[in-house]
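Dear colleague,

Please find below the structure that I am handing over to you, followed by an account of what was found in it.

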Amino acid sequence: MSRNLDHALFGYLLRLGDSPLILAQRLGPWVGKGPILEEDMAMANVGLDLLGQARMWLTYAGEVESRFAGTGRTEDELAFLRDGAEYRNLLIVEQPNGNFADTLARQFLFDAWHELALQALARSRDERIAGIAAKSAKEVDYHVERSGDWVVRLGDGTDASHAKMQAAIDQLWPYTGEMFVPDADEIALIDAGIAADVRLLSAPWRQRVEATLDEATLVVPPSGHMQKGGKQGRHTEHLGYVLAEMQFLPRAYPNAQW
């Protein structure tokens, strides 16, 4: 693989790892605060699944980095010792938890995309990517089923739960567009058969989401301006607060061990 393609692959692996990493961190504060005990456990399990996926992607990213930089960072160094502009996660995952409807709407919109992306990546020419994606897809099958069920349950529930879920979908919708817009590096990897062609995921994602919203008696928001930039390191102010909490311990006590 050429040096330029290695650079592109490194950035792409950060994208694949950073979104589940940041979303896992977002889910953490819900543990012990869910509406029912079962949901406390489910939220924790989803977060742990996402964290495990992030570890696999970031470990591989460090190995690829060593191919063009001479040395590669560990998964912990990549997770905890980068500044905000170096993160490549989707903007939607860094949005605040808000209320329970906000959190589940964010989860569902991401899960519906994540499932399709992993299914496509399982066919990657890069055997390492294909293996990680195939393993992760089994977990995400449950994630999207669970979050979709909650969207329906709240959307088709009481007047109050319906209003909160509709407001959550409306607020988060502008952050879904960048999921399906590849940049030059991503296109190079798509052409090489390595990356998932996210342009092909838009139609099945929208079909899945619209069907769920229809069952939930919710309205699909109108098309409009879509936020973007997370994959290039341009983030909302919310990411800084996530990183301040997530990175405090390893930055305050470098190389600390249990």
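The second largest pocket is a convenient place to begin, and it holds about 360 Å³ of space. Please keep in mind throughout that this is a predicted model.

Pockets

Twenty-one residues, written here as 21, line the second largest pocket, and those nearest its centre are L21, A24, Q25, L51 and F80. Two or more lining residues come from each of the helices α1 (3-27), α2 (37-69), α3 and α9 (238-246). The largest share belongs to α2, which supplies eight residues. By class, the lining of this pocket comprises 14 nonpolar, three polar and four charged residues.

The largest pocket has a volume of about 540 Å³. Its lining consists of 13 residues, and D76, F80, P250, Y253 and A256 are the ones nearest the centre. Here the elements that contribute two or more residues are α3 (75-80) and α10. The greatest contribution is that of α3, with three residues. Eight of the lining residues are nonpolar, three are polar and two are charged. F80 deserves a note of its own, as it is among the residues nearest the centre of the largest pocket and also among those nearest the centre of the second largest pocket.

Y253 appears in a further context. Together with F248 and L249, Y253 makes a nonpolar surface patch of about 360 Å². Y253 is located in the segment that follows α10 (248-252). Is Y253 buried or exposed? Its relative accessibility is 51%, and because the cut-off for an exposed residue is over 50%, Y253 counts as exposed.

Cavities

How many cavities of 30 Å³ or more does a search of the whole structure find? The search finds two. The largest cavity contains about 140 Å³ of space. It is lined by 15 residues, and R15, L16, W113, E186 and K231 are the closest to its centre. The elements that give two or more residues to this lining are α1 and α4 (100-121), and α1 gives the most, with four residues. The lining of the largest cavity divides into nine nonpolar residues, one polar residue and five charged residues.

The second largest cavity has a volume of about 40 Å³. Its lining is made up of R15, L16, S19, P20, W57, W113, H114, L118 and L121. Two or more of these residues come from each of α1 and α4. In terms of class, six are nonpolar, two are polar and one is charged. R15, L16 and W113 therefore merit attention in both cavities: they line the second largest cavity, and they are among the residues closest to the centre of the largest cavity.

Salt bridges

The structure holds 13 salt bridges, and several of them are described here.

D6 and R67 form a salt bridge through their side chains, with an N to O distance of 2.8 Å. Because D6 belongs to helix α1 and R67 to helix α2, this pair ties together parts that are 61 residues apart in sequence. D6 counts as buried, at 5% relative accessibility, whereas R67 is partly exposed, with a relative accessible area of 44%.

A second salt bridge joins R146 and E39, whose closest N and O atoms are 2.1 Å apart. R146 lies in helix α5 (residues 127-155) and E39 in helix α2, so the pair ties together parts that are 107 residues apart in sequence. R146 is buried, with a relative accessible area of 7%, and E39 is buried as well, with a value of 5%.

E65 and R73 also form a salt bridge, with their closest N and O atoms 2.7 Å apart. E65 is buried, its relative accessible area being 8%, while R73 counts as partly exposed at 28% relative accessibility.

Finally, which residues are linked in a network of salt bridges? They are R15, D183, E186 and K231. Of these, R15, E186 and K231 are among the residues closest to the centre of the largest cavity, and R15 also lines the second largest cavity.

With kind regards

Notes
Residues numbered from 1 in each chain as written. Predicted model: local features only at pLDDT ≥ 70, side-chain atom pairs only at ≥ 80, totals over all residues. Heavy atoms only, no water. Patch = residues over 30% accessible without salt bridge, like charges linked within 9 Å, V, L, I, M, F, W, Y side chains within 5 Å. Areas by Shrake-Rupley, 256 points an atom, 1.4 Å probe, with all protein chains shown as cover. Salt bridge = Lys/Arg side-chain N within 4 Å of Asp/Glu carboxyl O. Buried < 20%, exposed > 50% of the residue type's maximum accessible area, 1.4 Å probe, protein only. 1 Å grid on protein atoms, 1.4 Å probe; cavity = no way out; pocket = protein on both sides within 12 Å on 5 of 7 lines; lining within 4 Å. Points joined across faces, edges and corners; volume = space filled by probe spheres on them. Nonpolar A, V, L, I, M, F, W, Y, C, P; charged D, E, K, R; others polar.
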